[in-house]
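Reader: Could you walk me through how the pieces of this fold sit against one another? I have the model open and would like to follow along.
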Amino acid sequence: MRQNKSVFITGASRGLGAALAKAYAAPGTLLHLAARDPNGLAATAETCRKLGATVQCYIANVTDRSAIESAIAAAHAQAPLDLVIANAGISGGTANGTEGVDQILTIFAVNLTGVIHTVTAALPFLLGKAPNGKWRGQIAIIGSLAGLRGMPGAPAYSASKAAVKTWGDALRIYLKPQGVAVTVVLPGFVKTTMTSHNEFPMPFL
């Protein structure tokens, strides 16, 4: 099993991103944590440091291409990246109709464009790493089971996750011969702040 020494995670201030950061935190691991919320990010970083990891924080919105590119470049300059997790995402569904146009565009900006910004910023560094055999690193994209079948209460969210799943699936095939692994993760309902407002049953929460 490969041990990731340098890990970059977006959306690390809360929810899945914070949980992933804590899961990877260990002595000898360099964690690069990016998020919009400085307070939440600081809290995650403090916990990860107590678990033995070295932590660098980046206040960055994934919709800001230059900010994410700068953060990933700074992270890679400290230690070649082994794993990049494009996790940042938002929901905005409503049980009383479809999302409004502004909400739809915001959801796509974060969930799809934000993932594209993260992955395309990291790829040149992963491909440029000195090869260890054929292994150059891994990209993980956090999708959703909603990307497999649209949820009527969250059409824009479902569509954004379907897009990143299809894009990630294609990237996996393209990048595998070049030594970069791509994993698309499709969680179901997870108990986080994102799901805390849901008033409908959430199977297998």
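Reader: At what angle do H4 and H5 pack, and how far apart are their axes?
Author: In this predicted model, helix H4 and helix H5, the latter spanning residues 155–175, pack at an angle of about 15°, and their axes are 8 Å apart.

Reader: Should I call them roughly parallel or roughly antiparallel?
Author: Angles under 35 degrees count as roughly parallel, and H4 and H5 are therefore roughly parallel to each other. The crossing in which H4 passes H5 is right-handed.

Reader: And which residues make that contact?
Author: On the H4 side they include Ile104, Ile107, Phe108, Leu112 and Val115, and among those on the H5 side are Ala156, Tyr157, Lys161, Val164 and Trp167. Sorted by class, the contact of H4 with H5 has 16 nonpolar, three polar and one charged residues.

Reader: OK, switching to the sheet: what is the strand order?
Author: The sheet is open and has six strands in the order E3-E2-E1-E4-E5-E6, with parallel pairing. Its edge strands are E3 (54–59) and E6 (180–185), each of which pairs on one side only. Neighbouring strands are turned against each other by 15° on average, with direction ignored.

Reader: How many bridges join E1 to E2?
Author: Five bridges join strand E1, residues 6–10, to strand E2, residues 30–35, and the two run parallel. If you want a pair to look at, isoleucine 9 stands opposite leucine 33 in E2.

Reader: Which strands do the helices touch, say H2?
Author: Helix H2, residues 38–50, packs on the sheet and touches E2 and E3, with its direction at about 170° to that of E3. Helix H4, residues 101–127, lies across E1, E4 (83–86), E5 (137–142) and E6, and runs at about 175° to E5.

Reader: What about H1 and H2, at what angle do they pack?
Author: Helix H1, residues 15–24, packs with H2 at an angle of about 15°, and the axes of the two are 9 Å apart. That angle makes H1 roughly parallel to H2, and the crossing of H1 and H2 is right-handed.

Reader: Which residues are involved there?
Author: H1 contributes Ala18, Ala21 and Lys22, while H2 contributes Thr44, Thr47 and Cys48. By class, the contact of H1 with H2 has three nonpolar, two polar and one charged residues, whereas the contact of H4 with H5 has 16 nonpolar, three polar and one charged.

Key:
Residues are numbered from 1 along each chain as its sequence is written. This is a predicted model: local features need pLDDT of at least 70, side-chain atom pairs count only at pLDDT 80 or more; totals for chains, interfaces and linings use all residues. Side-chain values use heavy atoms; hydrogens and water are left out. Two strands pair if DSSP finds at least two bridges between them. Helices (H or I, at least four residues) and strands (E, at least two) are DSSP runs, numbered from the N terminus. Axes are lines fitted to C-alpha atoms, for helices over the stretch in contact, and angles run from 0 to 180 degrees between N-to-C directions. Contact means heavy atoms within 4.5 Å. Angles under 35 degrees count as roughly parallel, over 145 as roughly antiparallel, 65 to 115 as roughly perpendicular and the rest as oblique. A crossing is left-handed if the near helix is turned anticlockwise from the far one by less than a right angle, and right-handed if clockwise. Ala, Val, Leu, Ile, Met, Phe, Trp, Tyr, Cys and Pro count as nonpolar, Asp, Glu, Lys and Arg as charged, and the others, Gly among them, as polar.
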